[in-house]
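Colleague: Please show me the model, and then I will ask about some of its helices.

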Amino acid sequence: MGSRSRAVATTVAAFVLLIALWELAKLVLPAAGVTIGDTRVLPRTDDSAMPHVWTVLGRLTEPEVAGAATTRSVAAAVASGALFTLGLALGGLLIGGVFGVLLAVAMQRFGLLERAALPYVVASQTVPLIAIAPLVAGWGGNIAILGWSWQPWASVMVIAAYLAFFPIAVGMLRGLTSPARADVELFRTLAAGWWTTLLRLRLPASVPHVVPAVRLAAAAAVVGAIVAEISTGTRGGIGRLIIEYAQSATGDPSRMYTAILGAALLGLVAAGAVGLLDVGLRRYRGSVR
């Protein structure tokens, strides 16, 4: 409990520090920024580029569309978009996690598969996400299963799973191979088969490696979902909301920053959800030597 309280306090302190640095930059740096030659080395700090934090927070209470019949506030719009994106990101995390765990188990079982597949798993993460998203949306548009046609949100979920897959696969493989040789030999001496060794030794020993990997995968899934929403034009999520608010921001970009703030909080919520997994598996924290 004490470690969790320190983690929450650290997160809050980081946000407070970020706000303080933001306001300090507006106070100290020139409004037009700093330019050396034709290169801008420090950004503009006027209100049209960096609004005050309290201005951004004030926009949350304003109606999203002035004069509309139904007055939905900006905060409600950001919360709705964040929840939509969170659902897709968690779905992608689950899909990527299942495939990552299965591949890691297979690579641990068959050394030849590990030597053959691991380089391609690593290389897959070098492909730019901005190039993958339109391809997934285009290929998915030709898929129809039992009368169900591919939806834009499915492309977002697949891309989130693509980014979540890598850290989980690598973390699980590292964890499965972490038990000491003496422990493995002890199981062999007791005539324990591969399946028993996996369940009783390797999986418990992998927990301290997998939990941080899942935390990274959750953050990657959120980023992938937001980028995929922007790239594929999927409506309803926080990514599309950022684009819409950015396009409507002329002299006042504070509304766009409300959507960015929602995206940042979305990442914290996803990381907090992984923390529940850590609580459930805390009995295995000391499995690795």
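Modeller: What follows is a short set of questions and answers on helices and buried residues.
Modeller: This is a predicted model, where local features need pLDDT of at least 70, side-chain atom pairs count only at pLDDT 80 or more, and totals for chains, interfaces and linings use all residues. Residues are numbered from 1 along each chain as its sequence is written, and side-chain values use heavy atoms, with hydrogens and water left out.

Colleague: Which residues of α9 are buried?
Modeller: Helices are DSSP runs (H or I, at least four residues), numbered from the N terminus. Buried means under 20% relative accessible area, with a 1.4 Å probe and protein chains only. In α9 the buried residues are Ile238, Gly239, Leu241, Ile242 and Tyr245.

Colleague: What arc do they cover around the axis?
Modeller: The arc is taken from the directions from the helix axis to the C-beta atoms. These residues lie on the same side of α9 because their arc is only 160°.

Colleague: Which residues does Ser254 contact, leaving aside neighbours within four places in sequence?
Modeller: Ser254 sits in helix α10. Its relative accessibility is 0%, so Ser254 counts as buried. With contact meaning heavy atoms within 4.5 Å, the partners of Ser254 are Pro51, Thr55, Val56 and Arg59.

Colleague: Which residues in the largest nonpolar core touch the most other members?
Modeller: A nonpolar core is a set of buried Ala, Val, Leu, Ile, Met, Phe, Trp, Tyr and Cys residues joined through side-chain atoms within 4.5 Å. The largest has 46 residues, and those touching the most other members are Leu93, Ile238 and Tyr245.

Terms used:
Buried means under 20% relative accessible area, exposed over 50%, partly exposed in between (1.4 Å probe, protein chains only). Helices (H or I, at least four residues) and strands (E, at least two) are DSSP runs, numbered from the N terminus.
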